[in-house]
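Here is a walk through a protein structure, with a look at where some charged side chains sit and what they pair with. Keep the 3D view open as you read.

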Amino acid sequence: MTSDLQQTDNRAPKHAGERRAWVYIMLMVNIVFILLLMTLGIIALRVGNYLPENTDILFIVGKNPEVSLGDDEIAKWETGQRVNIFQSAYANGQGEPTVVSQDGTKVVAPGTLSTYRFTMCNSGNMAVLYEIDLDFILKIGTEVQETYNFPMQVRLRDASGDYLIGSETEWVNVKDAILNRHVSLLGAFSYETFTMELLWEFEGGDDELDTLYGNLAAQKGVTLTLDINTFAEEHFDPTASGGTEYEVEGTKEFGGTIRWLWLTLLFINTAVLVFYVSWLMNKRLRKW
Amino acid sequence: MKKNVFLKLASALLVLCLASTCAIGTTFAKYTTADKASDTARVAKWGITVATSGSLFGTDYASNSAGTDADSIVASSTNVNSSNVWNIVAPGTKNEAGFQVKLSGTPEVAYNVTATNNDVAAEDIWLAEGTYGVMVEQTGLNAASNVVGLYTLSGSTYTKVAAGAWAAGTTYYALHDITEVDAKYFPIQWAVVHSGSAPAIATTSDLNAIAQAMIDNLNTDALDGLANEDIAASYKLTWKWAFELDAATNAKDTILGNLIAAVSTPGQTNIVKMATATTYTAVTVTSDMEAKVGDDVVANLQIAFGLKVTVDQVD
């Protein structure tokens with residue numbers, strides 16, 4: 001009888017020590033796991049600046065920026081793209097030719113109206129802020145004119161009818177074309193179509209100036225170059241909306257955002273682990 | 001005490017983990033992109049010119065050795081020479097070099113041509129229908145002279161002496177160069193030579209008609225053009241006052257020539273126009289270059305001509 005009790009008493013201290021050690025180990029594992037999560041998060045903050053686009057970083061959706069411009073003829077502009085804003089011939093309402101280039105090159109004249117549509121498409125997964133800027137360069141002969149009075153006017157509007165330059169009733173001289181709305185927002189998976197109109201009024205009120213340019217054109221040549229410059233940068237809120245959204249296959253994930261489902265599971269797991277260990281520790285220490 | 005410390009430590013770590021993930025979205029490098037597109041056009045050429053050259057009239061006209069042709073304008077001459085700076089015309093003068101209007105250019109835009117007289121009504125030299133003559137004062141008359149058939153002047157009326165004797169203190173005039181003008185006489189022949197597809201213009205002695213014909217010709221749609229159509233067209237207006245055509249014409253030219261000569265000193269002249277069978281009225285030359293009998297204009301002594309040509313782009 002005495003030997004069984006002695007044997008029982010001898011086993012109890014050894015098992016308690018093992019269980020205590022196991023508790024400490026689990027506790028350390030829990031702490032290390034949480035520290036690991038934090039470290040990975042900090043690494044993601046820094047490394048993410050250098051990783052290729054569209055690379056998911058743990059629970060952060062990879063950024064996939066993709067902004068392109070195009071028009072009815074060219075699906076996507078290349079750098080320094082030459083586009084067809086002007087024409088080589090114009091006709092009146094009766095279909096009679098009123099302005100015809102002698103050599104097939106593009107021309108402008110009193111009475112000509114050029115309309116050009118182009119589209120900015122944000123097929124990436126982040127909202128962007130964009131600017132559109134117009135530059136006009138006038139050359140008489142081979143000399144670029146720094147200051148000039150050229151009788152051409154411009155308007156620029158988006159698809160919703162809001163004017164970036166001019167208004168429904170107001171045209172702006174190309175020399176003075178400034179943006180009414182300097183910066184605009186284009187959401188992810190969205191596009192915006194712009195319509196630009198360039199008008200040289202037939203009865204603009206200064207026939208002498210019109211005739212002067214026409215005669216200069218015959219003597220030396222007068223050319224007008226229009227540059228359309230666009231600039232876009234990511235918006236601080238990748239989910240911000242602007243423009244017209246288009247449908248995409250699958251679920252839309254916005255770049256730089258957190259995958260909440262994954263993160264939620266992670267936090268729940270962490271919380272359960274933390275509270276389990278705490279409960280275990282509470283139970284074990286009470287026995288100790 | 002120990003369990004509380006561990007529990008608090010675990011909770012703090014959980015909070016730190018949550019807090020660190022909230023800052024992720026704001027610290028990545030910003031994406032930027034830029035694009036540029038351009039197009040160039042040149043201003044369509046105009047380059048239409050409407051040029052005039054030559055002068056219709058001059059102050060001097062050279063002598064023509066042929067004798068049967070009229071004299072042309074020269075820089076200076078002793079043959080026909082203006083007494084002042086005015087351009088002149090006279091029987092036997094001409095200008096075949098003429099006054100030219102030339103349109104040229106090939107614009108890249110459609111255009112149309114319009115012409116007007118520039119608010120200058122065309123005037124030509126003419127002599128009205130009637131009987132004219134020149135009264136020449138008679139000198140050396142005395143009581144023995146027969147004055148019947150001569151004329152005496154009272155105001156502007158010359159009356160024929162039907163009977164009676166010479167009266168001392170009375171001036172008597174003889175009627176010379178009696179000229180019958182059957183119809184209104186235009187001495188100058190006008191001609192227009194033009195190129196282009198518009199109809200031809202007939203030579204005429206009516207400057208007003210020929211000026212209007214030129215204007216109508218320029219306004220015709222034949223000169224209007226589409227883009228890249230050459231506008232080339234030219235008009236040359238010439239004139240000639242023929243010399244020694246026939247005796248009757250010479251007599252009319254003499255009357256007109258005398259009236260034109262009197263322009264430099266406006267007033268009553270010794271040129272007369274028959275009023276009745278026995279009376280003639282003196283013709284007065286005014287500063288407006290007209291010859292009048294009373295209030296009636298019997299001759300115009302100046303030429304006026306206006307032409308304005310405009311080429312406009314059409315829309």
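## A charged spot on the surface

Let's start with A:Asp207, which is partly exposed: its relative accessible area is 47%. You'll find A:Asp207 in helix H2 of chain A, the stretch covering residues 207–219. Keep in mind that this is a predicted model.

Which residues join A:Asp207 in a negative surface patch? They are A:Glu203, A:Asp206, A:Glu208, B:Asp312 and B:Asp315. Patch members need over 30% relative accessible area, and A:Asp207 clears that cut-off because its value is 47%.

## Pairs within chain A

Now for charges that have found a partner. Side chains of opposite charge can pair when their charged atoms come close. Over all chains, the count is 10 salt bridges.

Take A:Arg117 and A:Asp72, a salt bridge whose closest N and O atoms are 3.5 Å apart. This pair links distant parts of the chain, with the two positions 45 residues apart in sequence numbering. A:Arg117 belongs to strand E6 (residues 113–122) of chain A, while A:Asp72 sits in the loop between strand E1 (67–71) and strand E2 (81–82). Are these two buried or exposed? A:Arg117 is partly exposed at 43% relative accessibility, and A:Asp72 is exposed at 63%.

A second salt bridge brings together A:Glu197 and A:Arg155, at 3.0 Å from N to O. Here too, distant parts of the chain are linked: A:Glu197 is in strand E13 (residues 190–199) and A:Arg155 is in strand E9 (residues 153–158), 42 residues apart. A:Glu197 counts as buried, with a relative accessible area of 11%. A:Arg155 is buried as well, and its relative accessibility is 11%. Both get that label because buried means under 20%.

## Reaching across to chain B

Some salt bridges cross between chains. A:Lys106 pairs with B:Asp39, and the closest N and O atoms are 2.9 Å apart. A:Lys106 lies in the loop between strand E4 (97–100) and strand E5 (107–108) of chain A, and B:Asp39 lies in strand E1 (residues 32–43) of chain B, so this pair joins two chains. B:Asp39 is buried, at just 2% relative accessibility.

There's also a small group to look for: A:Asp103, B:Arg42 and B:Glu108 are linked in a network of salt bridges.

## Chain B as a whole

What does chain B look like overall? Chain B has 3 helices and 18 strands. Of its 315 residues, 42% count as buried. Chain B exposes about 15,200 Å², and carbon and sulfur atoms supply 52% of that area.

How about contacts along the sequence? Looking at chain B contacts between residues at least 6 apart in sequence, 68% join residues at least 24 apart.

## Zooming in on B:Thr310

For one example of parts of the sequence meeting, go to B:Thr310, in strand E18 (residues 308–313) of chain B. Which residue has its C-alpha atom 5.8 Å from that of B:Thr310? That's B:Val113, even though the two are 197 residues apart along the chain.

Leaving out residues up to four places away in sequence, B:Thr310 touches B:Asn112, B:Val113 and B:Thr114. B:Thr310 still counts as partly exposed, with 26% relative accessibility.

Conventions: Residues are numbered from 1 along each chain as its sequence is written. Chains are lettered from A and ligands numbered from 1 in the order in which they are written. This is a predicted model: local features need pLDDT of at least 70, side-chain atom pairs count only at pLDDT 80 or more; totals for chains, interfaces and linings use all residues. Side-chain values use heavy atoms; hydrogens and water are left out. Helices (H or I, at least four residues) and strands (E, at least two) are DSSP runs, numbered from the N terminus. Buried means under 20% relative accessible area, exposed over 50%, partly exposed in between (1.4 Å probe, protein chains only). Contact means heavy atoms within 4.5 Å. Accessible areas come from the Shrake-Rupley method with a 1.4 Å probe; for residues, only the protein chains shown count as cover. Patches are made of residues with over 30% relative accessible area and no salt bridge: like charges are joined within 9 Å, nonpolar side chains (Val, Leu, Ile, Met, Phe, Trp, Tyr) within 5 Å. A salt bridge is a side-chain nitrogen of Lys or Arg within 4 Å of a carboxyl oxygen of Asp or Glu. Lys and Arg count as positive and Asp and Glu as negative; His and the chain ends are not counted. The place of a charge is taken as NZ of Lys, CZ of Arg, CG of Asp or CD of Glu.
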